[in-house]
Amino acid sequence: MRIGELAERAGTTTRTLRYYESRGLLNARRTENGYRTYDEDDLRLLHQIRTLQDFGFELEETRPFVECLRAGHAAGDACPASLAVYRRKIAELDGLIEQLRTVRAKVGAQLLRAEAELPGGPEPRCELELGG
């Protein structure tokens with residue numbers, strides 16, 4: 001298939017595909033007249049890249065998954081290098097979650113302080129607000 005068809009099937013743009021090619025994540029074959037051609041394996045690579053990016057992975061973090069697929073594995077996460085990327089991403093996410101918990105606790109404490117300092121005390125709360 002040509003680049004336009006691959007872009008359409010992958011839900012991306014030809015510009016993105018050229019960028020992936022420039023980064024070595026996608027390998028185009030060329031016809032005699034210079035057109036880029038791709039196959040179903042390339043589409044699988046793109047789906048892997050897009051899925052990981054949807055999860056928040058940086059483009060370079062997708063490389064081990066792409067290489068794993070190129071090596072003939074049925075899944076991009078069937079190789080040790082891919083699993084190592086998963087582990088790093090989980091650790092990164094755990095750190096972000098902890099940061100968010102800390103910020104939430106600080107904002108909650110500020111809210112309680114501000115409410116306590118209101119003349120007449122905190123506003124009465126509707127019972128419906130307590131559930132949500």
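**S82 and the chain around it**

Leaving aside the neighbours within four places in sequence, S82 is in contact with P64, F65, C68, G76 and D77. In this predicted model, S82 lies in helix α5, an element that covers residues 80-116. The relative accessible area of S82 is 0%, and because buried means under 20% relative accessible area, S82 counts as buried.

From this residue one can step back to the chain as a whole, whose secondary structure comes to 6 helices and 2 strands. Read from the N terminus, these elements follow the order α-α-β-β-α-α-α-α. The radius of gyration of the chain is 24 Å, well over the 14 Å that the globule rule gives for 132 residues, so the chain is more spread out than a compact globule. The extent of the C-alpha trace along its principal axes is about 80 × 30 × 25 Å.

Burial and contacts can be described for the chain as well. S82 is buried, and of the 132 residues of the chain, 26% count as buried. When contacts are taken between residues at least 6 apart in sequence, 46% of them join residues at least 24 apart.

As for the surface, the chain exposes about 9200 Å², of which carbon and sulfur atoms supply 55%. The chain carries 20 positive and 22 negative charges, and the mean positions of these two sets are 5 Å apart.

Terms used:
Residues are numbered from 1 along each chain as its sequence is written. This is a predicted model: local features need pLDDT of at least 70, side-chain atom pairs count only at pLDDT 80 or more; totals for chains, interfaces and linings use all residues. Side-chain values use heavy atoms; hydrogens and water are left out. Helices (H or I, at least four residues) and strands (E, at least two) are DSSP runs, numbered from the N terminus. The radius of gyration is taken over C-alpha atoms; the globule rule is 2.2 Å times the number of residues to the power 0.38. Buried means under 20% relative accessible area, exposed over 50%, partly exposed in between (1.4 Å probe, protein chains only). Contact means heavy atoms within 4.5 Å. Accessible areas come from the Shrake-Rupley method with a 1.4 Å probe; for residues, only the protein chains shown count as cover. Lys and Arg count as positive and Asp and Glu as negative; His and the chain ends are not counted. The place of a charge is taken as NZ of Lys, CZ of Arg, CG of Asp or CD of Glu.
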